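The following report describes a single chain through its contacts, its core and its secondary structure elements. Please keep the coordinates open while reading.

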Amino acid sequence: MLKSKATSVDYTLRKRSILRDYRAGRLSVYDICDAHPEICRIARNVGEHTRVPCPVCHRHDLRLLNFVYGDELNYDNGRVFPTRTIFNGLREKYRTFTCYVVEVCTGCSWNHLVRSIRFENSGGNTDV
Ligand SMILES: [Zn+2]
């Protein structure tokens, strides 16, 4: 039987701190809306839609990207996967990997690491 453990780290407090500094004038829009054009392109093409408005420009809904990294991943390393593929596919395929969930505004280039999730799987056929 496949045993799976997922350890999540949430970065909401960091986001609040950045937005607080921006609204207080301690950070500029250039400091916080610095997504690489390639990240914006990926978000536009395959980012998962949300109904959450961008906290900076308030004109576009955020998109989520799941970047996946791990020693075993080979050509899947650093790729973006839909959430359903991570929970039904990658978890069965690899023993350990980390998913970094990033929110992106394709309008103003706001981007922020929302959470990281480390998956550790064991078991499989050896438990039969
Ligand atoms: Zn925005």
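Leaving out residues up to four places away in sequence, Cys105 touches Cys54, Val56, Cys57, His60, Leu62 and Trp110, where two residues count as in contact if their C-beta atoms, placed from the backbone, lie within 7 Å. The model is a predicted one, in which local features need pLDDT of at least 70 and side-chain atom pairs count only at pLDDT 80 or more, whereas totals for chains, interfaces and linings use all residues. Residues are numbered from 1 along each chain as its sequence is written.

Cys105 is also among the residues with the most contacts inside the largest nonpolar core, which has 19 residues, and Cys54, Val56, Leu65, Phe97, Val104 and Trp110 are listed with it. Such a core is a set of buried Ala, Val, Leu, Ile, Met, Phe, Trp, Tyr and Cys residues joined through C-beta atoms within 7 Å; a residue is buried if 20 or more other C-beta atoms lie within 10 Å of its own, exposed if 12 or fewer, and partly exposed in between. Helix H3 (37-46), S3 and strand S5 (96-104) are the elements that give two or more residues to this core, and S5 gives the most, with five residues. Helices (H or I, at least four residues) and strands (E, at least two) are DSSP runs, numbered from the N terminus.

His60, found in the loop between strand S2 (48-53) and strand S3 (61-69), is in contact with Cys54, Cys105, Thr106 and Gly107 when neighbours within four places in sequence are set aside. His60 is partly exposed, because 15 other C-beta atoms lie within 10 Å.

Two antiparallel pairings can be set side by side, with strands taken to pair if DSSP finds at least two bridges between them.

| Strands | Bridges | One facing pair |
|---|---|---|
| S1 (residues 3-10) and S6 (residues 111-122) | eight bridges | Ser4 and Asn121 |
| S2 (48-53) and S3 (61-69) | three bridges | Pro53 and Asp61 |

Burial is absent from several of these elements. Of the eight residues of S1, the number buried is zero, so S1 lies largely in the open, and S2 is hardly covered, with a count of zero buried among its six residues. For helix H1 (residues 12-23), the number buried among its twelve residues is likewise zero, so H1 also lies largely in the open.

The end C-alpha atoms of H1 are 16 Å apart, which agrees with the 16 Å that its twelve residues should span at 1.5 Å a residue, the expected span being 1.5 Å times one less than the number of residues. Just after H1, Gly25 takes a positive phi of about 85 degrees.
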